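Biologist: Could you take a close look at one part of this protein with me? I would like a picture I can follow at the bench.

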Amino acid sequence: MASGVNNAVARTGGLLAVAAIPPLAGLTGDAFDSPAIFTTGFHTTRLVSASMMGLAALLTFLTIRENVLIRSEPKTGCPVTAPQPGR
């Protein structure tokens, strides 16, 4: 389940980085040919990205309260039964 969530979040982040943030920052069409417009858009994109990372860190801090790895006891034995080799 964690792998699925991680995959979905990574894909969403990639989608935002490539398809959503540049147009919101004004990096469309001929903006790449104008250094002044590109620089302004780049700085805006950088601030939006930093804000999103800060929001993600705050959300993580507020929602993850316990470390499940500390409380879990190591399991002994194998829950799967199979015939012994050589029999």
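Which residues form a nonpolar patch on the surface, and what is their accessible area together?

Modeller: Happy to help. This is a predicted model, in which local features need pLDDT of at least 70 and side-chain atom pairs count only at pLDDT 80 or more, while totals for chains, interfaces and linings use all residues. Residues are numbered from 1 along each chain as its sequence is written, and side-chain values use heavy atoms, with hydrogens and water left out.

The patch consists of Leu55, Leu58, Phe61 and Leu62, with about 440 Å² of accessible area together. Such areas come from the Shrake-Rupley method with a 1.4 Å probe, and for residues only the protein chains shown count as cover. Patch members have over 30% relative accessible area and no salt bridge (a side-chain nitrogen of Lys or Arg within 4 Å of a carboxyl oxygen of Asp or Glu); nonpolar side chains (Val, Leu, Ile, Met, Phe, Trp, Tyr) are joined within 5 Å, like charges within 9 Å.

Leu58 sits in helix H2 (residues 35–63). Helices here are DSSP runs of H or I with at least four residues, strands are E runs of at least two, and both are numbered from the N terminus. An α-helix has 3.6 residues a turn, so residues three or four places apart point the same way.

Leu58 is partly exposed, at 45% relative accessible area; buried means under 20%, exposed over 50%, and partly exposed in between (1.4 Å probe, protein chains only).

As for the setting, the protein chain has three helices and zero strands, and 8% of its 87 residues count as buried. The chain exposes about 7,700 Å², with 67% supplied by carbon and sulfur atoms.
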